[in-house]
Number of protein chains: 2
Amino acid sequence: MAKAPRNGPYICGIDAALDVVSGKWKGLVLWDLHAHGIRRFAELRRALPGVSEKMLTQHLRQMEEDGLVHRTVYAEVPPRVEYGLTEAGEALNEALQPLGEWGLERIRRGRLTVVPEPDAPLSASSL
Amino acid sequence: MAKAPRNGPYICGIDAALDVVSGKWKGLVLWDLHAHGIRRFAELRRALPGVSEKMLTQHLRQMEEDGLVHRTVYAEVPPRVEYGLTEAGEALNEALQPLGEWGLERIRRGRLTVVPEPDAPLSASSL
DNA sequence: CTCCTCACTTACCAAGAGGTAAGTACCGCA
DNA sequence: TGCGGTACTTACCTCTTGGTAAGTGAGGAG
């Protein structure tokens, strides 16, 4: 509670950015919102396999606090809430792009990202 | 236990990359290793303010498993272990660059990323 | 002789992230 | 009448993350 401004004294930008995307579903929410533009709560929930309502709201709220998404509530009779990326959210998504490509590469290589043993006097794996 | 190959079935590349950099000090280790090239254990420890030995080894080991850093053990009398980035680690660092810049922007703006609320009356949502 | 350094490992503990399930209030459909 | 969908909130619980502190074993400094 009351930890609204989540900001430890960051050491570098990576730190600050990682803080904002850390969370099991944050990255996926960003991704989906980027791909679909505007999404309703239930749409997001269905789009993310396995997310619980609690976590989705929690993440969405934090991302709203962080200025990544905007939340529009329509005072309609079946409640309707729409989420979309803000400018900062879009920018973050773009900043995340190369990281995503790196991740894809990693997946392609089947986690075996080769480690050309330089000239180690002692085999590190034996310890 | 035995969760050495940390790889959930990733949904997208962001997922996979975030998995690898998630950890309180991973980003900083990457950063420092990139800046200084080769570092000894104690050097890294001194470079990261507040890191415990346990966490540093733990992160370093995981990053080694993930092929981000290489570890060279010299069978010397005062033990000497050197860490450096692998190609994958360097690539990750480059992929992290835009994210770092985004984070710097966020820091500069003093967490106030957009949210254009000109002169609205104080409400619960404005907190 | 004792402490410090190196690079760790291990045990224990607290905080938090995240999961499950239920409740809420109202509506449309069968 | 009862169910499902809407967008949540709340309580409870577990598992993970990370912190503290101590131990290890050999060498060098005081």
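Biologist: Where do I start with chain A, and in what order do its elements run?

Modeller: From the N terminus on, chain A goes α-α-β-α-α-β-β-α. That comes to 5 helices and 3 strands. Keep in mind that this is a predicted model.

Biologist: What share of the residues in chain A is buried?

Modeller: Of the 127 residues in chain A, 31% are buried. As for the contacts in chain A with a separation of 6 or more, 47% are between residues 24 or more positions apart.

Biologist: Now the helix pairs. How do I read the packing of two helices?

Modeller: Two packed helices are described by two things, the angle between their axes and the distance between those axes. Take helix 5 of chain A and helix 5 of chain B, each spanning residues 87-108: the angle is about 175° and the axes are 8 Å apart. Angles over 145 degrees count as roughly antiparallel, and the two helices are therefore roughly antiparallel to each other.

Biologist: Which residues of the two helices meet there?

Modeller: On the chain A side, they include A:Ala91, A:Leu92, A:Ala95 and A:Leu96, and on the chain B side, B:Pro98, B:Leu99, B:Glu101 and B:Trp102 are among them. By class, this contact has 14 nonpolar residues, no polar ones and 2 charged ones.

Biologist: And at what angle does helix 1 of chain A cross helix 5 of chain B?

Modeller: Helix 1 of chain A (residues 13-21) crosses helix 5 of chain B at roughly 85°, and the axes come within 7 Å. That makes helix 1 of chain A roughly perpendicular to helix 5 of chain B. Helix 1 of chain A contributes A:Gly13, A:Ile14, A:Asp15, A:Ala16 and A:Ala17, while the residues from helix 5 of chain B include B:Leu96, B:Gly100 and B:Ile107. The class count here is 8 nonpolar, 3 polar and 3 charged residues.

Biologist: Which residues touch the most other members of the largest nonpolar core?

Modeller: That core has 50 residues, and the ones touching the most other members are A:Ala17, A:Val29, A:Leu99, B:Ala17, B:Val29 and B:Leu99. Look at B:Val29: leaving out residues up to four places away in sequence, B:Val29 touches B:Leu44, B:His59, B:Leu60 and B:Met63. B:Val29 belongs to helix 2 of chain B (residues 26-36), where B:Leu28, B:Leu30 and B:Trp31 are also among the buried residues. After helix 2 of chain B comes B:Gly37, with a positive phi near 80°.

Biologist: Is B:Arg109 buried or exposed?

Modeller: Count neighbours: a residue is exposed if 12 or fewer other C-beta atoms lie within 10 Å of its own. B:Arg109 has 12, so B:Arg109 is exposed. You'll find B:Arg109 in the segment after helix 5 of chain B. Its C-alpha atom is 36 Å from that of B:Arg61, 48 residues apart along the chain.

Biologist: Let's turn to the DNA. Which residues are closest to strand D?

Modeller: Strand D is surrounded by 19 residues, the closest being A:Arg40, A:Ala42, A:Val81, B:Lys24 and B:Ser52. Helix 3 (41-47), helix 4 (53-65) and strand 3 (80-85) of chain A, along with helix 4 (53-65) of chain B, each supply at least two residues of that surface. The split is 9 nonpolar, 3 polar and 7 charged.

Biologist: Which elements supply at least two residues each near DNA strand C?

Modeller: Those are helix 4 of chain A plus helix 3 (41-47), helix 4 and strand 3 (80-85) of chain B. In total 18 residues surround DNA strand C, and the closest are A:Lys24, A:Ser52, B:Phe41, B:Ala42 and B:Val81. They divide into 8 nonpolar, 3 polar and 7 charged.

Methods
Residues are numbered from 1 along each chain as its sequence is written. Chains are lettered from A and ligands numbered from 1 in the order in which they are written. This is a predicted model: local features need pLDDT of at least 70, side-chain atom pairs count only at pLDDT 80 or more; totals for chains, interfaces and linings use all residues. A nonpolar core is a set of buried Ala, Val, Leu, Ile, Met, Phe, Trp, Tyr and Cys residues joined through C-beta atoms within 7 Å. A residue is buried if 20 or more other C-beta atoms lie within 10 Å of its own, exposed if 12 or fewer, and partly exposed in between; C-beta atoms are placed from the backbone. Two residues are in contact if their C-beta atoms, placed from the backbone, lie within 7 Å. A residue is near a molecule or strand if its C-beta atom, placed from the backbone, lies within 6 Å of it. Helices (H or I, at least four residues) and strands (E, at least two) are DSSP runs, numbered from the N terminus. Ala, Val, Leu, Ile, Met, Phe, Trp, Tyr, Cys and Pro count as nonpolar, Asp, Glu, Lys and Arg as charged, and the others, Gly among them, as polar. Axes are lines fitted to C-alpha atoms, for helices over the stretch in contact, and angles run from 0 to 180 degrees between N-to-C directions. Angles under 35 degrees count as roughly parallel, over 145 as roughly antiparallel, 65 to 115 as roughly perpendicular and the rest as oblique.
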